[in-house]
Amino acid sequence: MIIGQAPGSRVHQTGVPWNDPSGDRLREWLQMDKDEFYDAHKVAIMPMSFCYPGKGKSGDRPPRPECAPLWPIGSYKNCRGWN
């Protein structure tokens, strides 16, 4: 399972998680191509927040507090093998 922070602007626009330079870097570290990385039978991908927080002075802002009820923390217990 890979848990990232709130989606960035490119991810927000495309709806594809890790669809940006950070995803390219992560796949390189994991030695996985895109097909393998996006195979739900091999990799579970979840954002910490489902709301794009907007731009800050030096990157994206932190997750917005009003989005907290949407955070997937309760979803983790539904993952197979999660204790």
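A polar contact, as the term is used here, is a pair of N or O atoms within 3.5 Å, and within protein one of the two must be able to donate a hydrogen and the other to accept it. With that in hand, one can begin at Arg-27, whose side chain reaches the backbone oxygen of Trp-18 at 3.2 Å. The structure in which this contact is found is a predicted model, and a brief look at the whole chain helps to place it.

The protein chain has an average pLDDT of 78, and 76% of the residues score at least 70. It holds 3 helices and 4 strands, which follow one another from the N terminus in the order β-α-α-α-β-β-β. Among these elements, helix α3, residues 34-37, has the highest mean pLDDT, at 95, whereas strand β4, residues 59-60, has the lowest, at 76. Of the 83 residues in the chain, buried ones make up 28%. When the contacts with a separation of 6 or more are considered, 46% of them are accounted for by residues 24 or more positions apart.

Arg-27 itself belongs to helix α2, and although its side chain carries a charged end, the residue is buried, because its relative accessible area is 4% and the limit for that class is under 20%. Besides reaching the backbone of Trp-18, the side chain of Arg-27 makes a polar contact of 2.7 Å with the side chain of Asp-24. The charged end of Arg-27 also sits over the ring of Phe-37, at 5.3 Å from the centre of that ring. If neighbours within four places in sequence are left aside, the residues in contact with Arg-27 are Trp-18, Met-32, Asp-33, Lys-34, Phe-37 and Tyr-38.

Asp-24, the partner in the side-chain contact, is likewise placed in helix α2, but it counts as partly exposed, since its relative accessibility is 41%. The C-alpha atom of Asp-24 is separated by 8.6 Å from that of Lys-34, a residue 10 positions away along the chain.

The ring beneath the charged end of Arg-27 leads on to the interior of the protein. Phe-37 is buried, because its relative accessibility is 0%, and together with Ile-2, Leu-26, Met-32 and Val-43 it makes up the largest nonpolar core, which has 5 residues in all. Within this group, Met-32 is in contact with both Phe-37 and Val-43, and it also touches Arg-27, once its neighbours within four places in sequence are set aside.

Phe-37 takes part in an aromatic pair as well, and the count of such pairs comes to 1. Its partner is Tyr-38, and the arrangement is edge-to-face, with 5.1 Å from centre to centre and 85 degrees between the planes. The angle leads to that description because planes over 60 degrees apart count as edge-to-face. While Phe-37 is buried, Tyr-38 is partly exposed, with a relative accessible area of 30%.

From here one can turn to the loop between α1 and α2, where Trp-18 is found. Trp-18 counts as partly exposed because its relative accessibility is 21%, and its phi is near 60 degrees, a positive value in a residue other than glycine. Most residues other than glycine have a negative phi. Asn-19 lies in the loop between α1 (9-14) and α2 (21-30) too, yet with a relative accessibility of 18% it counts as buried. Apart from neighbours within four places in sequence, Asn-19 is in contact with Arg-10, Val-11 and Thr-14, and also with Lys-34 and Tyr-38.

The loop between α2 and α3 contains Gln-31, whose phi, near 55 degrees, is again positive in a residue other than glycine. At 72% relative accessibility, Gln-31 counts as exposed. Asp-33 has its place in the loop between α2 and α3 as well, and it counts as partly exposed because its relative accessibility is 45%. The side chain of Asp-33 reaches the backbone nitrogen of Glu-36 at 2.8 Å, and a polar atom of that side chain lies 3.2 Å from the backbone nitrogen of Asp-35. Asp-33 is also one of the residues in contact with Arg-27, which brings the reader back to the starting point.

Methods: Residues numbered from 1 in each chain as written. Predicted model: local features only at pLDDT ≥ 70, side-chain atom pairs only at ≥ 80, totals over all residues. Heavy atoms only, no water. pLDDT = per-residue confidence, 0-100. Helix = DSSP H or I, 4+ residues; strand = E, 2+ residues; numbered from the N terminus. Buried < 20%, exposed > 50% of the residue type's maximum accessible area, 1.4 Å probe, protein only. Contact = heavy atoms within 4.5 Å. Core = buried A, V, L, I, M, F, W, Y, C linked by side-chain atoms within 4.5 Å. Phe/Tyr/Trp six-rings, centres within 6.5 Å; stacked < 30°, edge-to-face > 60°. Lys NZ or Arg CZ within 6 Å of the ring centre and 35° of its normal.
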